[in-house]
Structures are given as structure tokens and as C-alpha cells.
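Work through the exercises below with the sequence and the coordinates open. Each task is followed by a solution in steps.

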Amino acid sequence: MIDVYTLKRLALWGRLRSPWILHFNSGSCNACDIELLAAITPRFDVERFGIKVVPSPRHADILVVTGPVTRQAAPRLKRIYEQMPNPKYVMALGTCACSGGIFRGSYAVMGGVDKVIPVDIYVPGCPPRPEAIIDGIVKLLKKMEAETYGK
Amino acid sequence: MEGSLTSIINLIFGPQHPALHEPELFRFKVEGEIVVKAEPRIGYVHRGIEKLFEKNTYIKGIYLSERICGICNVAHTVCYCQVVENVMNIEPPPRAKYLRAVVHELNRIHSHLLLLGVAAEELGFDTLFMLIWRDRELVMDLIELITGNRVMSAFNTIGGVRRDVNAETIEKVLKVLPKLEERVKYYRKVFEEDPTIRKRTVDVGILPRRDAIRYCVVGPMARGSAVDVDIRRDIPYAAYDEIPFNVIVRDECDVWARLMVRVDEVLESINIVRYALEHLPSGQIRLPLKRSAPPGEAISRVEAPRGELLYHLVSKGGITPYRLKVRTPTLANLLAASKLFEGHTIADIPAILVSIDPCFACTDRVTLVDVKSGKSTKVSLRELARRGRE
Amino acid sequence: MESKLSEKLKDFIIESGKFKGGSEFFKVDRGKLRDVFNALLREFKGEVHVTTITAIDRLDEKKIELDYEIWIYPIKKAITIKVDTPRDDPKVDSIIDLVPGALLYELEVHDLFGVKFIGNSYLVKPFIISEDLGSATPLRKDWRGPSRQ
């Protein structure tokens with residue numbers, strides 16, 4: 001007999017060792033996006049750590065948002081966040097996603113990602129290097145671990 | 001098909017799809033497997049940049065123009081600095097012009113390799129995608145070496161460039177280039193001979209020369225359709241009037257031709273970088289900074305990796321522009337692209353889309369039908385790519 | 001070649017000049033825009049490329065200026081055709097039947113400046129700005145931005 005608690009721990013163990021990422025561009029200039037893509041290619045190769053970029057929000061553990069949130073993208077971002085299963089984590093990648101960056105104050109931009117959905121970790125930089133992105137994910141995993149086992 | 005047992009369905013494509021990393025939506029009307037009509041909807045990345053230019057000073061504008069598009073950022077800053085220099089009546093020193101050409105071409109190599117990698121992925125050739133992106137890191141290292149950053153170079157400034165190169169740097173760059181050239185020549189062979197790639201791209205998405213002119217396409221897309229145009233040669237800027245290079249034009253007019261144009265352009269760009277660094281004039285790299293511009297109007301055109309980029313500046317004096325218009329290449333190619341889909345199967349959509357090298361961050365700089373729930377089918381690009389493989 | 005071009009268009013040109021840094025511009029009457037394009041297309045056998053349409057809101061002159069940036073393939077030359085339209089009722093003839101590639105630029109100018117292109121049946125609003133801004137024309141100088149929520 002396996003009790004629910006053990007099953008839960010098993011799921012969390014799996015999640016910590018292979019977090020699946022969904023990438024959403026909410027109005028970015030593509031710089032952060034190509035650095036995120038570079039992180040999955042051979043030089044950096046995050047897949048060896050079990051980090052995988054998935055195409056559907058329903059499979060994802062971590063939502064990585066790049067770019068300031070434009071007025072057009074805000075409802076879609078919200079919808080994608082709602083489609084993700086619990087527990088879900090959000091990473092704001094790049095200065096624009098953290099605060100709106102250089103586009104702050106434009107009529108078409110709402111501001112940072114935290115204006116629309118809750119954010120768990122901010123990775124500033126314009127764009128952050130792939131190393132910084134990996135570092136951000138590792139820090140987020142520590143946070144997930146602390147939330148799970150710490151209490 | 002008469003009497004219509006098959007009905008036309010809408011295939012909604014986006015705005016969140018993982019392969020191109022940009023939120024854009026295409027609405028395809030499909031009958032069975034055949035696309036009868038494609039409508040692009042742009043606007044998800046509209047950030048109101050043209051209005052922001054009017055609020056910011058000329059100096060801040062450099063950094064804003066760079067962030068119109070992260071992939072072709074050097075083309076944007078070159079074009080912006082040129083248009084402001086025209087209005088201010090200043091001419092950057094020759095060394096700065098050569099350095100601009102060097103970084104501009106390195107940026108083009110990185111952009112083209114990026115696209116070729118993504119194209120390989122869309123065609124179902126993941127190994128090639130990984131290999132090309134591995135070798136792209138060589139270029140990223142060179143860009144970092146010269147400019148100090150991998151992607152956003154912040155290299156150009158009004159009246160010149162911000163960083164100089166020394167003999168050591170030049171030597172390092174010249175050492176990497178042959179390595180890169182060898183790899184790209186190998187990829188050229190792959191793109192030319194590999195049956196997977198040829199089957200998916202030859203005679204797909206044909207854009208005849210006449211249509212290419214009528215729909216005003218630019219860049220590699222025009223040159224893949226036998227339109228002989230290259231701003232670097234036709235209206236020389238930076239140091240391109242002194243650097244010898246060939247303009248690659250192909251007349252096959254299909255997806256394959258557009259990819260091959262890019263492969264060959266990478267090889268040309270490597271030669272340009274080599275020539276420019278070997279013939280680098282000495283002297284200063286920038287003029288003293290001017291903050292305000294006299295009244296006047298100027299236009300600047302630049303051959304960005306994706307095609308002709310245009311900035312039109314209206315100044316009424318002072319430290320901010322009165323109006324700055326940016327025309328980016330993808331917007332020009334989008335209309336022709338949506339015509340290209342017609343008559344092709346759903347499986348060909350990713351191949352055609354990738355051949356125009358869409359950059360929607362550019363397109364929406366000044367700004368998809370809403371994803372309708374219910375009857376329409378949502379399909380991600382990756383799923384489409386997968387279908388194409390099956 | 002330059003003199004030849006301005007000679008060909010001399011019936012239409014109101015004013016001509018040069019931008020700082022080189023390229024030429026010709027100002028033509030609003031009603032003659034299609035004639036200019038017809039003349040250009042005839043002269044160069046259709047090989048005329050419209051790079052973009054730049055709209056400039058000249059608030060103090062109460063007009064919106066449209067600059068058709070043109071590239072002519074056979075002679076490898078860039079020119080600009082300028083047209084003025086009144087600010088309170090901006091209207092100009094559409095050229096999409098002559099140069100289909102101009103469609104997206106007309107849509108863009110219509111969306112951001114509210115200029116109507118007569119004969120263009122594809123005009124939609126909003127085109128690139130977000131739906132909640134609706135009928136706004138954000139790039140006009142007197143547009144004050146969306147109300148703060």
C-alpha cells in the first residue's frame with residue numbers, strides 16, 4: 001500500500017528533477033527568446049538536466065515569459081497561465097518582463113509580467129545570458145524544494 | 001468536391017506556438033488538407049515604439065531602436081544612427097564605418113544561421129538544427145568579443161561606434177572565421193544534397209519574379225525569386241562602397257532557393273568581415289556627441305538580414321524626433337507569404353512560413369483574430385511540423 | 001537619370017527637393033496620386049516597389065502628410081512621393097490595385113492615423129493596436145493615451 005503522501009512526494013521528486021518549461025513571448029524583441037533557445041542547444045544543453053521545453057501549457061511546470069506584456073497579449077497570457085496544472089511557477093525572463101523595461105510608459109504596454117500574473121522568479125538582463133537563465137531555473141527549483149520539503 | 005461534403009474549416013495557428021517563439025496568429029481556411037486562404041493577424045507584439053521615439057531623446061533612441069528586434073539589432077542601430085547623422089549633417093570616421101560593417105555582417109551571419117537551424121527543425125531534421133546552433137555559438141562569441149555582449153550589442157552610436165578593436169581581437173576573429181567557413185560550406189552541401197530537405201522544399205511555395213515585385217517583397221525572399229536587389233550594393237552605406245562582395249540571386253523561386261540564398265550570404269558575409277578587418281583604416285572611432293538636431297528630414301535604408309529596413313526621420317529641432325517611421329522587412333514579406341500558402345497542404349505551412357524568416361517583433365513595432373474557442377482547431381507550429389513528418 | 005524622372009512626372013509635381021543625406025522627394029496633388037503611380041508603372045514596366053507609406057501628423061499645419069517611399073528597380077533609385085491630406089477629414093485614393101504590396105502599409109496608416117484610403121475594401125480597425133483601444137489613432141500628435149485604469 002502506498003499512501004497519498006508518498007505519491008505526492010514521488011510527484012514532487014519527479015518535478016524537481018525534470019521541470020518542464022513553457023515559453024511565452026508576451027511582446028518581446030526576440031533577444032531573450034533566442035537566448036532561451038540557445039540554452040537548449042548543444043553548447044548549454046539544459047536537457048541533460050531534465051529541463052525540457054514543451055509546446056502545451058497543460059504539460060508545463062514553469063511558465064517562462066519574455067518581454068513586456070502588451071495590451072494584446074495580456075488576456076492570452078492570463079489564459080495560458082490558467083491552463084497550466086497546479087503547482088505552477090512563473091519566471092519573468094529579461095528586464096522587460098521584470099519591469100516593462102525600456103517600453104514602460106508606452107500606450108500599448110501594460111508593464112512587467114507581475115502586472116498580469118504572479119511571478120516566482122525574476123531574471124533580469126537584456127537579454128540574460130543562457131548561463132543566467134539556467135541559474136534562474138536552478139534557483140527556482142530550490143524555491144520549489146523549499147516550499148515542498150521545508151514546511 | 002462538388003456539393004461539398006468537405007467543408008472549409010478554420011485552422012487557427014498561434015498565438016502561442018513553441019517553435020518560432022513569437023506570438024502571432026495565422027488563420028488558415030483549409031478544405032481537406034489544402035489551404036485555400038491564409039490571413040495573418042499581427043499585433044501581439046505591438047509596443048508603440050514609434051510613439052516612444054517621439055518621447056525620448058536621440059541618444060535614448062539608439063537603445064530603443066535596438067530593442068525593436070533583438071535578432072537584427074545591429075541593422076536597426078546602423079539605420080537609426082545613419083538617419084540621425086543625416087539630419088545632424090555629420091559623417092562618421094572611416095574606421096567606424098568599417099567596424100559597423102563588421103558587426104553588421106556578424107549579426108547577419110548569426111541571424112541567417114539561426115533561421116537555417118529553425119528551418120531544419122521545421123523540416124523535421126532536428127540533428128541539423130542542433131549542429132547549426134552549435135556552430136552559431138562561434139559567431140556569438142565573436143560578437144561578444146567585439147561588442148561586449150552576445151545579443152544586444154549597443155555597438156553603434158550617433159557619429160561612430162562605441163568600442164574599438166585592437167590587433168589581438170582582430171587576430172582572434174580571423175582565426176575563428178575559417179573554422180566557421182568550413183562548417184557553413186558543409187551545411188551548404190547538406191542543404192544542397194540532402195533528400196529530406198530537398199523533398200520538403202524544392203518546388204514548394206513558389207513566388208514568381210513578377211509576383212515578388214508586385215507584392216513588394218524584400219531581402220532574401222526577393223533574391224530567391226530572381227529580383228536583383230541589395231541595399232548594400234545599390235545605395236551603399238557604412239563601408240560597403242569599398243568592400244567587394246557578391247549579391248546572391250537565385251531563380252528557382254521556391255522555399256529551397258530562399259534557404260540557399262541565406263546559406264550563400266553567410267559565406268559572403270564571412271568574406272566581408274575578413275576583408276573589412278584586414279583593411280581596417282586607422283583613426284578615431286567616433287565624433288564628439290551631439291545632443292540636438294537641426295530641423296530637417298532624412299531617410300536611411302539598410303539591408304537587414306531579412307531585407308530592406310527603412311527609417312524616416314522628421315526633426316523640428318531640439319533633442320527629440322518629431323516623427324520617426326520604421327519599416328521593417330517582415331511586414332513587407334508578410335502579404336506575399338500569405339499568398340504562398342494557398343494551394344499547399346497543411347504539412348507545407350511550416351516550411352513556407354520559415355522560408356520568409358518571419359520576425360514579428362519587427363512587424364509589430366508600432367503594435368491575430370482572437371483565438372476563437374469552440375469550432376476552430378488550435379494547432380501549434382510544432383504539432384504541424386510533426387504532422388508534416390508523419 | 002534624375003532630370004529625366006522629374007521630367008516624366010513634371011505634370012504632377014508641385015514641389016520637389018532633396019532630403020538631408022541624398023534621396024529626392026516630389027510633392028504631388030492629392031487627386032493626382034494614382035496618375036503618378038500609373039505613369040511610374042508605365043515607364044518602368046511595373047517594376048516599382050513601394051517600400052512603405054510614412055504618415056506624418058503636421059499638427060500646426062493642420063494636415064497629415066503621406067510619404068510614399070518608392071524604390072525603382074530598373075534604375076536602382078529611391079524616391080519619395082509626398083501627398084498632403086487635411087487633418088480633420090483625411091482621405092486619399094488607394095493604390096492597392098496598382099501596387100498590391102502597399103496593402104499592409106495602407107492598413108497600418110489607417111489604423112494608426114485614421115487616414116481613409118478610398119477604394120481599399122480591406123480597411124479594418126483595429127488592425128495592429130489592441131482591441132480595447134478601438135477607434136484610437138495613437139500616432140496622432142494630439143492623442144493623449146488610454147485612460148489610466
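The model is predicted.

**Exercise 1. Cis peptide bonds in chain A**

Task: Find which residues the cis peptide bonds at A:Pro87 and A:Pro127 join, and place each proline among the elements of the chain.

Solution.
- Step 1. The bond between A:Asn86 and A:Pro87 is cis, with omega about -10°.
- Step 2. A:Pro87 sits in the loop that runs between α3 (73-83) and β5 (89-93) of chain A.
- Step 3. A:Cys126 and A:Pro127 are also joined by a cis peptide bond, with omega about -10°.
- Step 4. The loop that holds A:Pro127 lies between β7 (121-123) and α5 (130-149) of chain A.

**Exercise 2. Positive phi outside glycine**

Task: For B:Ala238 and C:Lys45, give phi and location, then decide for each: buried or exposed?

Solution.
- Step 1. B:Ala238 has a positive phi, near 40°, and is not a glycine.
- Step 2. B:Ala238 belongs to the loop between α10 (231-234) and α11 (255-278) of chain B.
- Step 3. A residue counts as buried at 20 or more other C-beta atoms within 10 Å. B:Ala238 has 25 other C-beta atoms within 10 Å, so B:Ala238 is buried.
- Step 4. C:Lys45, likewise not a glycine, has a positive phi of about 55°. C:Lys45 is found in the loop between α2 (33-43) and β3 (48-58) of chain C.
- Step 5. The limit for an exposed residue is 12 or fewer. C:Lys45 has 10 C-beta neighbours inside 10 Å and therefore counts as exposed.

**Exercise 3. Chain A as a globule**

Task: List the elements of chain A and compare its radius of gyration with the globule rule.

Solution.
- Step 1. Chain A contains five helices and seven strands. Their order from the N terminus is α-β-α-β-β-β-α-β-α-β-β-α.
- Step 2. For 151 residues the globule rule gives 15 Å, and the radius of gyration of chain A is 16 Å; the values are close, so chain A is as compact as a globular protein of that length.
- Step 3. Along the principal axes, the C-alpha atoms of chain A fill a box of roughly 60 × 35 × 25 Å.
- Step 4. Buried residues make up 51% of the 151 residues of chain A.
- Step 5. Among the contacts in chain A with a separation of 6 or more, 79% come from residues 24 or more positions apart.
- Step 6. Toward chain C, four residues of chain A are in contact with six residues of chain C. The chain A side of this contact has two nonpolar, one polar and one charged residues.

**Exercise 4. The largest nonpolar core**

Task: Identify the members that touch the most others in the largest nonpolar core, and state where this core lies relative to the domains of chain B.

Solution.
- Step 1. The core has 212 residues, and those touching the most other members are A:Leu63, A:Val65, A:Leu93 and B:Val84.
- Step 2. The largest contribution, 15 residues, comes from helix α4 (residues 94-122) of chain B.
- Step 3. Domain 1 (8-43 + 335-354 + 367-389) and domain 2 (49-330) of chain B both supply residues, so the core lies between them.
- Step 4. Leaving out residues up to four places away in sequence, A:Leu63 touches A:Leu22, A:Phe24, A:Ile80, A:Tyr81, A:Met84, A:Lys88 and A:Val90.
- Step 5. As background, nonpolar side chains tend to be buried together in soluble globular proteins.

**Exercise 5. Helix α6 of chain B**

Task: Check the span of helix α6 (residues 167-193) of chain B against 1.5 Å a residue, and find what its buried residues pack against.

Solution.
- Step 1. The 27 residues should span 39 Å; the end C-alpha atoms are 40 Å apart, which agrees.
- Step 2. Buried residues in α6(B) include B:Leu180, B:Val184, B:Tyr187 and B:Phe191.
- Step 3. The packing partners of the buried residues of α6(B) are α4, α5 (126-147), α7 (195-201) and α11 of chain B.

**Exercise 6. Surroundings of B:Ile235**

Task: Locate B:Ile235 and name the residues that B:Ile235 touches.

Solution.
- Step 1. B:Ile235 is in the loop between α10 and α11 of chain B.
- Step 2. B:Ile235 counts as buried because it has 21 C-beta neighbours inside 10 Å.
- Step 3. B:Ser300 is 65 residues away along the chain, with 9.5 Å between its C-alpha atom and that of B:Ile235.
- Step 4. Not counting residues up to four places away in sequence, B:Ile235 touches B:Arg301 and C:Ala78.

Notes. Residues numbered from 1 in each chain as written. Chains lettered and ligands numbered in written order. Predicted model: local features only at pLDDT ≥ 70, side-chain atom pairs only at ≥ 80, totals over all residues. Helix = DSSP H or I, 4+ residues; strand = E, 2+ residues; numbered from the N terminus. Core = buried A, V, L, I, M, F, W, Y, C linked by C-beta atoms within 7 Å. Domains from an automatic or database assignment. Contact = placed C-beta atoms within 7 Å. Expected span 1.5 Å × (residues − 1). Rg over C-alpha atoms; globule rule 2.2 N^0.38 Å. Nonpolar A, V, L, I, M, F, W, Y, C, P; charged D, E, K, R; others polar.
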